[in-house]
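Student: I have a model open and want to check the labels people put on it. Could you walk me through them?

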Amino acid sequence: MTTAPAALRGLAANPSLPSDLLPALLARTRRAARHPGLPRPLMESVLREADGRTGIELARNPALPDDFRPRLAAHPDPWVRVALVNFSGRDDRAVQDGQDDRAGEPVRPGRRSPIRRRR
């Protein structure tokens, strides 16, 4: 039996989902920010939000336009910046050649901060 959150995540992962359904889906689950067909105005609204978790999902979007990368790199949430580096900076040729052994194993946000604190 599929739960409602799992069904929403499944819809968000579906590349064939019509783009007119994405605004409603984005209101229900932040995973919709990863959708490759996410319209530019919705990407802009995600960047304006204060929620860093939705920014992380946007940084994982495979169709992220190049002009969004510097804006995500300046995001106040450090995990958004980490996600941008881990998901959008990979060289696909290096992954195909087997040079990147971490491909498909991104660093996921946890309880520890990516910024090391000084003692």
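**Contacts, cover and charges**

Tutor: Start with contacts, meaning heavy atoms within 4.5 Å: of those in the protein with a separation of 6 or more, 38% are between residues 24 or more positions apart. Keep in mind that this is a predicted model, where local features need pLDDT of at least 70 and side-chain atom pairs count only at pLDDT 80 or more, while totals for chains, interfaces and linings use all residues. Residues are numbered from 1 along each chain as its sequence is written, and side-chain values use heavy atoms, with hydrogens and water left out.

Student: What makes the pattern along the sequence α-α-α-α-α-α-α?

Tutor: The protein has 7 helices and 0 strands. Both are DSSP runs numbered from the N terminus, helices being H or I with at least four residues and strands E with at least two.

Student: Why is Glu 57 called buried?

Tutor: Buried means under 20% relative accessible area, exposed means over 50%, and partly exposed is in between (1.4 Å probe, protein chains only). Glu 57 has 9%, so the label is buried.

Student: And why is helix 4 described as largely enclosed?

Tutor: Helix 4 covers residues 52–59, and 7 of its 8 residues are buried, so the rest of the structure largely encloses it. Among the buried ones are Gly 52, Ile 56 and Leu 58.

Student: How do you know that Glu 57 and Arg 34 meet in a salt bridge?

Tutor: The term asks for a side-chain nitrogen of Lys or Arg within 4 Å of a carboxyl oxygen of Asp or Glu. For Glu 57 and Arg 34 the N to O value is 2.4 Å, a salt bridge. That pair links distant parts of the chain, with Glu 57 in helix 4 and Arg 34 in the loop between helix 2 (22–28) and helix 3 (40–48), 23 residues apart. Arg 34 has 27% relative accessible area, so it is partly exposed. Arg 34 and Glu 57 also belong to a salt-bridge network with Arg 60.

Student: What makes Glu 44 and Arg 71 a salt bridge?

Tutor: Their closest N and O atoms are 2.8 Å apart. The two sit 27 residues apart, Glu 44 in helix 3 and Arg 71 in helix 5.

Student: Why is Arg 71 said to lie over the face of Phe 68?

Tutor: A charge sits over a ring if NZ of Lys or CZ of Arg is within 6 Å of the ring centre and within 35 degrees of the ring normal. Arg 71 is at 5.1 Å from the ring centre of Phe 68 and lies over its face.
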